[in-house]
Amino acid sequence: MSIDLEQFHETFYEESFEGLDIMESGLLELEQGEVDLENINTIFRSAHSIKGGSGTFGFTAVAEFTHDMETLLDQMRNGERQVTVPVVETLLGSVDVLRNMLNAIRDGSEIDVDNVSEMTTAIKGILGVADDVSVATEDTSSNAGGKGWIVNFAPFVDIMKTGNDTVRLMRELNSLADTAEVTVNNESLPPLNELDPEDCHQSWCIKLIGGDVSEDEIREVFAWVDDECDLKIESLADGKAQVSPEQTDGSEQQKTPAKSGSEKRANKPAESSSIRVNISKVDELINMVGELVITQSMLSRFGESEEFNDSTIERLKDGLAQLEGHTRELQESVMRIRMMPISFAFQRFPRLVHDLSTTFNKKIELIMTGESTELDKTVLEKIGDPLVHLVRNSLDHGIESPEKRVSAGKSETGVIELSAFHQGGNIVIQIKDDGAGLDKDKILSKAREKGLVTSDERLSDDQIHDLIFRPGFSTADVVSDVSGRGVGMDVVRRNIRELGGAVEVKSTQGEGSVFTIRLPLTLAILDGQLVGIGEETYILPVISIIESLQVKAENINAVAGNAEVYRLRDEYIPIVRLYQIFSVEPVSTELESGLLVVVEAEGKKIAIYVDDLLGQQQVVIKSLETNFKKIEGLSGATILGDGTVALIIDIAGLIDLYQKDMATNVVSIKGAAA
Amino acid sequence: MSEAADDLSHQESEKEFKELLTFFLAGEEYGVDILRVQEIKGWDSVTNIPNTPEYIRGVINIRGSIVPIIDMRLRFRLEKKEYDATTVVIILNVVSKGNADRIMGVVVDAVSDVYNVPANDVKASPDFGTAVDTEFVTGLATIDEKMIIVLNIDHMLNAAELAVVDTITE
C-alpha cells in the first residue's frame with residue numbers, strides 16, 4: 001500500500017506555485033476595486049487546492065496556514081466580509097509567506113516561523129474582528145470552548161482496496177480544526193495470522209475542536225469515501241471537550257510549523273526540470289510522425305525498384321519534397337513544445353509595480369500586451385531577471401514623482417507599457433515608460449568622469465544612450481535598494497547577449513524611454529546566410545542582415561588611411577574585412593570584386609566584406625564549448641549538408657572584436673606619432 | 001573497466017596490465033591508454049577556427065559533435081610534416097576535472113600497434129630539463145627493446161589553450 005509520495009512532490013510544488021501566482025494576480029485585481037465574485041472564487045480555489053495538496057503530502061504547516069487564508073476568502077466569497085484594502089494586503093502578504101514556506105520545504109531549509117506566525121496572527125486578527133462571523137479562532141494551545149464536532153468514522157473493510165487512505169483523511173480533518181482528538185476502535189481487529197494487510201478493521205472517533213468548521217466542510221473530506229464507510233457527525237456545541245494537543249493523531253501535530261520543514265530532501269531539485277505541454281501540441285507531433293512514416297514507406301519503395309525511368313524519378317522528387325516539408329513541420333512542432341507564453345515572465349510585474357510604486361510614492365499604471373507571445377522555455381527562464389531590472393529602472397529612474405509630472409504638464413499617473421510581439425523571426429519585448437527620458441548631458445558627464453569616453457569624442461544621441469549599458473555605469477544619485485547597486489545595465493545586456501539577443505534604448509528627454517529587447521525564437525535553430533571567404537564558409541544569422549550589396553568604388557572612404565567606411569545612402573558604415581580578423585586567405589582583397597553584407601547588432605551597423613554569398617538555410621546550432629571553448633566572434637558551429645563544419649558568426653561579438661582591432665591600431669598610430 | 005580487463009586480472013592476478021595504442025610522431029613511438037581511444041580515422045579537411053594557436057588545426061564533425069583537432073607535431077614543437085597516406089587522426093575521450101568529458105582528435109604520423117604493458121613496467125621519465133615538454137608524459141615503457149613514451153592525454157589536452165576554463169580573460 002505504501003506509495004512513494006516523494007515522486008509527486010515536484011508536481012505539487014509546481015502546481016502550488018502556479019496557484020500562488022493565480023492568487024496573486026487575482027488579489028491585485030481585487031485591490032484595484034474590481035470585486036468580482038468569479039475572481040474571489042478563483043483565488044479561493046487556488047488556496048483550497050494548495051491546502052488539500054499540502055495536507056495530502058503531510059506539509060501540515062502549509063495546510064494550516066492556508067486554512068486560515070481559506071477561511072477569510074470563504075467569508076469574502078459568501079459576502080460575509082467586505083473586500084477592503086487592508087484585507088487584500090494581508091492576503092497578498094500571506095501569499096508571499098506561503099511561497100516562502102513552500103520554497104523552504106522544497107529546498108529542505110527551515111521555515112521562517114516568526115514570519116509565519118506573524119502573518120497567522122494578522123489573518124486571525126482580521127478573522128477576530130468579524131463582521132458577522134460567529135466564532136473567532138483562537139490559539140491552539142488554549143482549549144477552544146466553542147464549537148466542535150465529533151466525527152465517527154467507521155470505514156468498511158475493503159476501503160483501502162479502493163485506493164483511499166484513511167491517514168490522508170485524518171490529516172485533512174486535522175487541518176480543519178485547531179485541535180483534534182482521536183480515539184481508535186480496534187475491537188474488530190482479527191488475530192495477526194488472519195489479518196489481510198489490505199483490509200481495514202479499525203474505526204475512529206475524532207473530536208474536532210475550534211477552527212470554525214462547518215459540517216459541510218467535514219463531509220467534504222469524506223466525499224470520496226462516502227459509500228465506503230459509516231459516517232456520523234455530531235455537533236459538539238454543547239459538549240465540554242477537554243483536549244490536550246498531545247493526544248492528537250500521530251506525531252505530525254501542528255504546533256511548530258517548522259516541523260514539516262525539517263522533512264529534508266537530500267538534494268535540491270533542478271529548477272523546473274519538467275515542462276507542461278498542451279495535449280494538442282503532442283497530438284500534432286504524433287500526426288507529423290505518422291505522416292513521416294508514410295513518406296518514408298513511399299520512398300523506400302524506390303530503393304526496392306529495379307530500374308529508374310523518368311516517371312519514377314519524378315515521383316522520387318515529389319517524395320523528397322514531401323519529406324522535406326514534413327521534416328520541417330516536425331521540427332517546428334518539436335520546437336513548439338518548448339515554447340511557453342511570455343505571460344510566465346510577465347505575471348510577476350503587476351505585483352512588482354504595485355509594491356514599488358508604494359515604496360517610491362509614485363502613481364503608476366502598468367499596461368501589458370502580447371502576453372500570449374510564445375518563447376522558448378530556456379529563453380523565458382533567463383529573460384526574467386533582466387526584465388525585472390529594466391522595469392525597476394523605468395520605475396525608479398524613468399517615471400517622475402506625481403508632483404514633478406504635474407508640473408511638467410503630464411498626468412499624475414505614469415504609464416509603463418510592457419509588450420511582446422513577433423518581428424521578422426524574432427521576439428521583441430519592449431518596456432516603454434512616459435517618464436523623464438534619459439538625460440544625455442548627465443550620462444555624458446558621468447561617462448567622462450568614469451573615463452568611458454574621452455572629452456573630445458563626438459557621440460550621436462543613440463551612442464550616448466548606449467553608454468548606459470557600459471560596465472560600471474550608474475547615474476542614480478542616490479543608491480536605492482532597487483537600482484543603482486552597480487550591477488546595472490551591463491549585466492542586463494550581457495544576459496540578453498548570452499541568449500543570442502540584443503537590447504537597445506531609444507529615449508526622448510522629457511517624453512520617456514523605450515527599451516527594446518530582441519530575442520531569437522529558439523536557441524537551437526537559426527536561419528543562416530552562408531557566405532564564402534576563401535575556402536571557408538561562414539554563417540551569418542539572417543535576422544541581423546539588413547542588406548547585401550555590390551561595392552561601388554566611389555562610395556568607399558578611408559578614415560585616417562586605416563578605417564574604411566562605406567557610404568550607404570546617407571549613412572557611413574565601417575567596413576569589416578572578415579578575412580583580416582579571422583586570418584584566412586580570401587579570393588580577393590579588392591573590395592570591388594566581393595560583396596558587402598550590412599549587418600546590425602545592438603544598434604550598431606557594420607558592413608562585412610565577403611567573397612561570395614552562398615545561399616540561405618536553416619542550421620542547427622552546435623556549441624563549440626562542448627568539446628572546445630568559446631571563441632570570440634563566433635556563436636557556435638553547425639554541420640552543413642555535406643557533413644563539414646561551418647562556423648556561425650556572432651555579430652555583436654564581431655563588432656566588439658573589430659572595435660578592439662581598431663583601438664589597437666589607434667594606439668599604435670598614437671605611439672608612432674609620439 | 002571492461003570484461004576483458006577483468007579476465008586479464010584473473011589470469012595474471014599479481015600483475016596489472018595496461019593496454020596501450022601506440023603511434024609514431026617524428027620517429028618516436030608514443031602510447032595512449034586504449035580505453036580512451038574512441039576511433040581512428042584518416043586525415044580529412046577541417047574547418048579552421050580563427051584566432052587560435054597553430055597547433056589547433058580546426059574542428060570536424062564526428063557524428064554530430066563538433067570536435068577540435070590538434071596537431072601533435074606542432075603541439076610538441078616538432079618539425080612540420082606534410083600529411084600523407086599514413087597520417088591519421090585519433091579521436092580521444094578527454095576527462096577534465098569537474099567537467100563533462102570532452103572529445104578531441106589528435107593528428108599523428110601513423111598508428112603503430114596495440115601493446116599489453118604491465119603497469120609496473122612504465123618507468124618515470126628522466127628529467128630532460130627544459131628541452132622537452134615532459135609534463136604531458138606519464139612515463140616510459142620498454143617493449144621488445146623499443147622505448148614507448150606513454151602520454152597523459154588528460155593533462156595534455158586540458159592545458160593552455162585547450163583548458164576548459166578560458167584562461168585568457170581580459
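Which strand of chain B do seven bridges join to strand β1, residues 17–25? Select residues 110–118 of chain B: that is β8(B), and β1(B) and β8(B) run antiparallel. Strands here are DSSP runs of E with at least two residues, helices are runs of H or I with at least four, and both are numbered from the N terminus. Two strands count as paired if DSSP finds at least two bridges between them.

Before going on, a word on what you have loaded: it is a predicted model, where local features need pLDDT of at least 70, side-chain atom pairs count only at pLDDT 80 or more, and totals for chains, interfaces and linings use all residues. Residues are numbered from 1 along each chain as its sequence is written, while chains are lettered from A and ligands numbered from 1 in the order in which they are written.

**Stop 1: β1 of chain B**

Show Leu20(B) and Tyr115(B): they are bridge partners, with Tyr115(B) sitting in β8(B). Now add residues 28–33 of chain B, strand β2, which pairs with β1(B) in the antiparallel sense over six bridges. Leu25(B) has Glu28(B) as its bridge partner there. The hairpin of β1(B) and β2(B) has two residues between the strands, and Ala26(B) takes a positive phi near 50 degrees.

**Stop 2: colour chain A by confidence**

pLDDT is the predictor's confidence in each residue, from 0 to 100. Chain A averages 78, and 86% of the residues score at least 70. Pick out residues 130–146 of chain A, where the pLDDT is below 50; this stretch still has 35 contacts in the model beyond near neighbours in sequence. A contact means that two C-beta atoms, placed from the backbone, lie within 7 Å. Residues 477–486 of chain A are also below 50, with 14 such contacts.

**Stop 3: two helix pairs in chain A**

Select α9 (279–304) and α10 (310–337) of chain A: their axes come within 9 Å and cross at roughly 160 degrees. Axes are lines fitted to C-alpha atoms, for helices over the stretch in contact, and angles run from 0 to 180 degrees between N-to-C directions. Angles under 35 degrees count as roughly parallel, over 145 as roughly antiparallel, 65 to 115 as roughly perpendicular and the rest as oblique. So α9(A) and α10(A) are roughly antiparallel. Residues in their contact include Leu285(A), Met288(A) and Leu292(A) from α9(A), and Leu316(A), Leu323(A) and Leu330(A) from α10(A). By class, that contact has twelve nonpolar, six polar and five charged residues. (Ala, Val, Leu, Ile, Met, Phe, Trp, Tyr, Cys and Pro count as nonpolar, Asp, Glu, Lys and Arg as charged, and the others, Gly among them, as polar.)

Next, show α2 (37–56) and α6 (166–176) of chain A, which pack at about 130 degrees with their axes 8 Å apart. That makes α2(A) oblique to α6(A). Here Lys51(A), Gly55(A) and Thr56(A) of α2(A) meet Arg168(A), Arg171(A), Glu172(A) and Ser175(A) of α6(A). The class split is no nonpolar, three polar and four charged.

**Stop 4: a sheet, then the interface**

Five strands of chain A form an open, mixed sheet in the order β20-β12-β13-β22-β21. Its edge strands are β20(A), residues 612–620, and β21(A), each pairing on one side only. Inside it, β12 (525–533) and β13 (536–541) of chain A pair antiparallel over six bridges, and Val531(A) stands opposite Tyr538(A).

Finally, bring back chain B: the contact takes 21 residues from chain A and 17 from chain B. On chain A's side, β21 (634–639) and β22 (645–649) each give two or more residues, and β22(A) gives the most, with three.
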